[in-house]
Amino acid sequence: MRGKWVQVAVLLALACAHAAVAAAAPVLRVLAWPGYAEPEVVRDFETRTGAHVELTVIDTDESMWQRLNANGGADFDVFAANTAELQRYIRAELVRPVDPALIPNTRAQLPRFRQRAAIPGLVHTQGGVAQTYAIPFTYSEMGLIYDKRQVSTPPTSIAALWDPRYQGKVLAYGGGTHSFSLAAQMLGAASPFKIDTAMWPRTVDALIDLRRNVLGFYNQPEESISLFQRHGAALMYANYGTQQLHLLKAQGVDAGYVIPREGALAWLDCWAITRRAREPALAHAWIDLLLGEQASQLLVSRQGLANTTTESDSSRPEVRLLWLEPVENAGRREALWARIRSGDRASRVLAP
């Protein structure tokens, strides 16, 4: 009997020892979107560094803001956000500059992404010194998806969404902010993110015309695939870009994808480090690994997204991508969009 208790004591001691080792291991707290940190990538990082990854997954920009802002950024070390959203984290002093010298894999990125100062919002000057606040990771342009059975000639312009030939056959994104940017781009605005006073009426008219042409609006990628198939859509504004094309093809739809001649609005998600990160060195190591071959290829094969290290149709220098920027008044855009979608005429939409 005594031998049995000795064995139990030994097992307890071993368990305590393992727990102590685990407790001593550093923890990297990551906040990211679905599919950005695949299980095998996390395991690889933990093996390489001896650290433990505590991964939190979010599905909206607002959810990310609430989590990071709740405790002044102290609950996380590293997170992924698009360039437009990044600006409010910088203004709120929730992020610290990133040191590209600690991320060797940036040297493997395509030229477009190595030239960080050319990407709006990534580089800010503090005290006369230019500092990088995030490293590009993945992106998608908002192109046009079309059903090859119904559209024999690929569309070349975003104006195709307004084409009477496709009335009742068009799917559009349900968000007001991007919809106003789309209309402003179609109208030739100098910047689709800054609508001036004189252009508001024209933009509203354009969106009312678009509303009359569409069969429906979607918010999530999976929803758009269901609508496209169920209603036999001919043309879709792809707010999630190649990710939606990937999903459609997986369902057996013979779909094509084009970037219009006006260029395409595009989101660029980047890794940033919180100002109150407990493990900044590990955060830099995480970003470096996520730019590596394994993680980069999984973005393409599993998520249908582009990475910043491999050439794709949209990474060619001649393709015009308009990286998302903060808009002049997101609240006004959403309020007017709600009126447009409800069926109001232009005078009602623009009423105070």
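## A tour of two pockets and one helix

Counted by class, the lining of the second largest pocket is made up of 10 nonpolar, eight polar and six charged residues. The model on the screen is a predicted one, and that should be kept in mind at every stop of this tour.

Stay with this pocket for the opening selection. The second largest pocket holds about 450 Å³ of space. Select Glu141, Thr242, Ser312, Asp313 and Ser314, which are the closest to its centre among the 24 residues of the lining. Next, colour strand S7 (135-141), helix H9, strand S12 (255-258) and strand S14 (306-307), since each of these elements supplies at least two residues of the lining. Which element makes up the largest share of the lining of the second largest pocket? That share, three residues, comes from S7.

Now turn to the largest pocket, in which about 1300 Å³ of space lies. Select Trp33, Asp61, Asn82, Tyr173 and His178, because of the 41 residues lining this pocket they are the closest to its centre. To see the surrounding elements, show helix H3 (61-69), helix H4 (83-91), helix H6 (176-186), helix H8 (221-231), helix H9 (242-250), strand S13 (264-274), helix H11 (293-303) and helix H12 (330-342), which are the elements giving two or more residues to the lining of the largest pocket. H4 contributes the most to this lining, with five residues. Colouring the lining of the largest pocket by class should pick out 16 nonpolar, 14 polar and 11 charged residues.

The next selection is helix H7, residues 200-213. How many ångströms should the 14 residues of H7 span at 1.5 Å a residue? The expected span is 20 Å, and the C-alpha atoms at the two ends of H7 are 20 Å apart, so expectation and model agree. Within H7, display the side chains of the buried residues, namely Trp200, Thr203, Val204, Ala206, Leu207, Ile208, Leu210, Arg211 and Asn213. Adding strand S9 (170-173), H6, strand S10 (214-218), H12 and helix H13 (346-349) to the view brings in the elements against which the buried residues of H7 pack.

Finally, zoom out to the whole protein chain, which has 13 helices and 15 strands and whose C-alpha trace spans about 85 × 55 × 40 Å along its principal axes. Of its 352 residues, 52% count as buried. The chain exposes about 16400 Å², of which carbon and sulfur atoms supply 52%. Among the contacts in the chain with a separation of 6 or more, 77% are accounted for by residues 24 or more positions apart.

Technical notes: Residues are numbered from 1 along each chain as its sequence is written. This is a predicted model: local features need pLDDT of at least 70, side-chain atom pairs count only at pLDDT 80 or more; totals for chains, interfaces and linings use all residues. Side-chain values use heavy atoms; hydrogens and water are left out. On a 1 Å grid over the protein atoms alone, a cavity is a set of points where a 1.4 Å probe fits but cannot get out, and a pocket is an open set with protein on both sides within 12 Å along at least five of seven lines; lining residues have an atom within 4 Å of a point. Grid points are joined across faces, edges and corners, and a volume is the space filled by probe spheres set on the points. Helices (H or I, at least four residues) and strands (E, at least two) are DSSP runs, numbered from the N terminus. Ala, Val, Leu, Ile, Met, Phe, Trp, Tyr, Cys and Pro count as nonpolar, Asp, Glu, Lys and Arg as charged, and the others, Gly among them, as polar. The expected span of a helix is 1.5 Å times one less than its number of residues. Buried means under 20% relative accessible area, exposed over 50%, partly exposed in between (1.4 Å probe, protein chains only). Contact means heavy atoms within 4.5 Å. Accessible areas come from the Shrake-Rupley method with a 1.4 Å probe; for residues, only the protein chains shown count as cover.
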